[in-house]
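Hi everyone, thanks for coming. Have a look at the sequence and the structure on the screen, and I'll walk you through a few spots.

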Amino acid sequence: MEIKELLEKQKALDESPASNGLRSNTIFRFVTDALGQSWVCTSNGLYRYHPETEWFEYIPLEKATFNIENKGKSYQISDLAFLPNTSLMLVCAGDQGFCLVDIQSGKAVEHPNHPLLKMLKQVVTRIVTGK
């Protein structure tokens, strides 16, 4: 999806919020994965966009294992990154930590021992504690 299209969608959202499934007008990141799916990071969670219905599907992260001792409600999702050669993406929930989401199923992956998550937990802990 082009930036121009996203801006048009944002304008429509401002005029009628939540009429298309998106619970937030604050979008931090809009990216497309290798499968051609569009993902939206917002102040009120993660969404997958379905252009055929113009609907934003909320991706529940309530059961996700975040690295900073907190289990989800509706997280502010500030960024995401696709892991090479996998169907996983790393989702950043600001100061709440990180979790993995499978792009095929759209579900949070319970994978607390994934090497990347372990490394990120160490880095975030050092940043927060200063140690």
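**A hairpin, a sheet and some charged pairs**

Let's start with the hairpin made by β1 and β2: five residues sit between the two strands, and G36 there has a positive phi near 85 degrees. Before I go on, keep in mind that this is a predicted model.

So how do the two arms of that hairpin fit together? β1 and strand β2, residues 38–42, run antiparallel, and five bridges join them. If you want one spot to click on, try T32, which stands opposite S38 in β2.

Okay, on to the sheet. Which strands are in it, and in what order? Reading across, you get β5-β6-β7-β8, so four strands in an open sheet, with antiparallel pairing. The edges are β5 and β8, the latter being residues 107–109, and each of them has a single partner strand, so one side of each has no neighbour in the sheet. The strands aren't lined up exactly, either: neighbours in this sheet are turned by 35 degrees against each other on average, if you ignore direction.

Let's zoom in on one end of that sheet. Strand β7, residues 98–102, is joined to β8 by three bridges, and the two run antiparallel. Here the pair to look for is V101, standing opposite A108 in β8. While you're looking at strands, a handy general point is that side chains in a regular strand alternate between the two faces of the sheet.

Last topic: charges. As a reminder, side chains of opposite charge can pair when their charged atoms come close. How many salt bridges turn up when you search the whole structure? Two.

One of them is between R29 and D79, with the closest N and O atoms 2.5 Å apart. R29 lies in strand β1, residues 27–32, while D79 lies in strand β5, residues 79–82, so this pair ties together parts that are 50 residues apart in sequence. Are these two buried or exposed? R29 counts as partly exposed, at 34% relative accessibility, and D79 is also partly exposed, at 31%.

R48 and E57 form a salt bridge too, and their closest N and O atoms are 3.1 Å apart. R48 has 7% relative accessibility, so it counts as buried, whereas E57 comes out at 26% and counts as partly exposed.

That's my tour. Any questions?

Terms used
Residues numbered from 1 in each chain as written. Predicted model: local features only at pLDDT ≥ 70, side-chain atom pairs only at ≥ 80, totals over all residues. Heavy atoms only, no water. Salt bridge = Lys/Arg side-chain N within 4 Å of Asp/Glu carboxyl O. Buried < 20%, exposed > 50% of the residue type's maximum accessible area, 1.4 Å probe, protein only. Pairing = 2+ DSSP bridges. Axes fitted to C-alpha atoms, helices over the stretch in contact; angles between N-to-C directions.
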